[in-house]
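Open the model in your viewer and keep the selection box at hand. The stops below say what to select and what is there.

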Amino acid sequence: MILSLENVSKIYNGNTVLDNIALTIEDHDRIGLVGVNGCGKSTLLNIITGKEEPETQPEPNVAKVAVTKSASIGFLAQNTGLDRSSTIIEEMTSVFSELLKTADELRRLEEEMGSPKAHENPEHFKEISEEYARKTAYFESRDGYLINVKINKVLNGMGFAPDTYDRVISTLSGGEKTRLALAKLLLESPNLLILDEPTNHLDFNTIMWLEDYLQDYKGALLIVSHDRYFLDKLTTSICEIERGRLKRYKGNYTAFTKLKEADVTRQLKEYEAQQAEIAKLQDFVDRNLVRATTSSMAKSRIKKLEAMEIIEKPVTHQKSAKIRFEYDVVPPIDVLTVRNIDISVGSGYDRTTLADNVSFEVKRGEKLGVIGSNGAGKSTLLKIIQRLIPCSHGSIEWTKNIKISYFDQENSQLNFNNTVMEEIHSRYRTMTDQAIRTLLGNVRMVGENVFKPISVISGGERAKLCFAIMMLERGNVLILDEPTNHLDIDTKEVLEKALCEFDGTIIFVSHDRYLLNKLATRIIEITPDGIENYKGRFDDFMEVKRARSLAEQQKQDAERAEKAKQAAAEKNIKSYRSKEQRAADAKKRNRIKELEKEIEKLEIEMQQLQEEMSDPEVCQDYQLMQEKCSLFEEKKALSSEYSDEWLMLSEEFEG
């Protein structure tokens, strides 16, 4: 266990935000914390991290916040980041300050053990050897030799390239500081990592890297996030705060939504059944309490009512939006054909091509998700296929009987000077105010908001207005650019349901992976070289990406293995040749020595022969003299032969 909370309450201005919360976090828990805005999530995180204290309560409701003595807690609050005068690499390295001190100690001990003086005192040498062993075990158990590897891995994953490592942190943008704070927390690797909206400042690739990293995280996770796909990937339980109470559900976010719905349905039935029973008992009391003959029975009903444990009515949020897209004309099967167009921005000399040779087709009923990195040209593509902006080459062919309804993430189709009511009146002049109010009520735009100028309402309200207009347009092709931006989770889920039920054609751009996974039947990814098609949902797209990445890794591994094999073979050949050469050289050296001995021996023998031939007795014996002369010539010739061989071998050896 890392942490346990009991009877934790918090009151602000007389309002109970948290009411006797109980929560236990074990070593490897993966918890998602959810709830409507203002429900108390941040307050609970602050109490867990000691930034706030729970309410003081009498027995038996004394608040208890217990953290295991050896446990460490890391907390990344929403929209907070590092602000230091140090550089990025200095700040990341500081995480390992204790290990680096140990590394310095190990080097000092190594030098001490290597000095002659250390061996003069066996007892002292034993002491420093044991200290060295302890520190080495400590250093290795904490992966001290992998410090630089860890830093590079996390910084690269969080979007910091090596050429940024020397940047001073105070000069970074707010988003970069937040990412760096998260990177430092990951390196610190606390037993409990608490993240409040960690994906807010992360791009698509960084979010996916963070998911993969956290899936292998050794400690426990407590995550607050509106990114439902992120929660689905990482959490194994969901804690919801509602009406100040915390309830824990087993499973990820998708499982939570199903369990919560079943829970609310069951509680509502129990509540309604109890209310019916209470009404029945109260009616009996009201009719019979004053009658002498039935008064005792009425009083027993009163006691039953007083002893009854009242079931609270489950929270049912305000009426959900009602979004439904319909159309009148069914188009042919082949809806759209795009051939070899370019995706470009700007004009003239400032024109920049983002992608070229873009070709694809869209069939009736397809739900085509468009993805790509920031600035890849996703929104531009949606405008090009509608001919709102031109392309320099290629063709775009829509089939007949097509009616497009377009959601622009910038809401450029709205007149910001109009009120909400005026905007719909300007498009559909025959609609009555009552009909417009009913339509707006369906998307949960009610009250005075409908009379406000579009320029002052929130981004979420503008999106709802656009959906209301799209319902009136009755398009058989919906083109949507980031439709879930600015929407709360409830409205997102209503919109998703409406889009899934729509049997027309949808082409949509989104970074909402939950929507991509739920809605898309095909995904196209925009790259500088054009587009790539992927059948299926976002999960299928990711599976293909992983398979490609694995295949590429295997290919690289195979190439490295082959290179290593070739290098080993070359080394063996070289080694073999080297052995041959060494053997040949040794043979030459031996032969040279032999020749030198033979030449020396011959020179001695020749010297003796010359002395003998000088002897008067030999000179007088003609035959003996001839023999001596012949032998001398033979030895001289042999000596010359040996000398030539010696010279040749010496030159070869030197060469």
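**Stop 1: a salt bridge across loops**

Select Arg243 and Glu312: Arg243 is exposed, and so is Glu312. This is a predicted model. The two side chains meet in a salt bridge, with an N to O distance of 3.6 Å. Arg243 lies in the loop between strand S8 (237-242) and strand S9 (245-250), while Glu312 lies in the loop between helix H11 (295-307) and strand S10 (334-345), so the pair ties together parts that are 69 residues apart in sequence. The structure holds 43 salt bridges, and further stops on this tour visit others.

**Stop 2: Ser237**

Now select Ser237, which lies in strand S8. Is Ser237 buried or exposed? Ser237 has a relative accessible area of 6%, and because buried means under 20%, it counts as buried. To see what surrounds Ser237, show its contacts beyond the neighbours within four places in sequence: Arg30, Ile31, Gly32, Arg248, Tyr249, Lys250 and Gly251.

**Stop 3: a nonpolar surface patch**

Move to Tyr145, Leu146 and Val149, and turn on the surface. These residues make a nonpolar surface patch of about 320 Å². Tyr145 is found in the loop between helix H5 (122-141) and helix H6 (147-157). With 56% relative accessibility, Tyr145 counts as exposed.

**Stop 4: helices H6 and H7**

Stay with H6 and add helix H7, residues 174-188. Two packed helices are described by the angle between their axes and the distance between the axes. Here the axes come within 10 Å and cross at roughly 145°. The crossing of H6 and H7 is right-handed. Which residues meet between the two helices? On the H6 side, select Lys150, Ile151, Val154 and Leu155; on the H7 side, select Leu180, Ala183, Leu186 and Leu187.

**Stop 5: salt bridges within helices**

Select Lys497 and Glu501, which form a salt bridge with the closest N and O atoms 2.6 Å apart. Both residues are in helix H16 (residues 489-501), and because they are four residues apart there, about one helical turn separates them. Glu501 is partly exposed, at a relative accessible area of 46%.

Next select Glu594 and Arg591. Their salt bridge has its closest N and O atoms 3.4 Å apart. This pair sits in helix H18 (residues 538-613), three residues apart, so about one helical turn lies between Glu594 and Arg591. Glu594 has a relative accessible area of 42% and is partly exposed. Arg591, at 28% relative accessibility, also counts as partly exposed.

Then select a wider group: Arg324, Glu326, Asp328, Arg474, Lys497 and Glu501. Salt bridges that share partners join these residues into one network.

**Stop 6: Lys628**

Finish at Lys628, in helix H20 (residues 622-654). What is the relative accessible area of Lys628? The value is 18%, and because the cut-off for buried is under 20%, Lys628 counts as buried. Leaving aside neighbours within four places in sequence, select the residues in contact with Lys628: Leu609, Glu612, Met613 and Val618. As a last step, draw a distance from the C-alpha atom of Lys628 to that of Met606. These two residues are 22 residues apart along the chain, and their C-alpha atoms are separated by 9.9 Å.

Conventions
Residues numbered from 1 in each chain as written. Predicted model: local features only at pLDDT ≥ 70, side-chain atom pairs only at ≥ 80, totals over all residues. Heavy atoms only, no water. Patch = residues over 30% accessible without salt bridge, like charges linked within 9 Å, V, L, I, M, F, W, Y side chains within 5 Å. Areas by Shrake-Rupley, 256 points an atom, 1.4 Å probe, with all protein chains shown as cover. Salt bridge = Lys/Arg side-chain N within 4 Å of Asp/Glu carboxyl O. Buried < 20%, exposed > 50% of the residue type's maximum accessible area, 1.4 Å probe, protein only. Axes fitted to C-alpha atoms, helices over the stretch in contact; angles between N-to-C directions. Left-handed = near helix turned anticlockwise from the far one by under 90°. Contact = heavy atoms within 4.5 Å.
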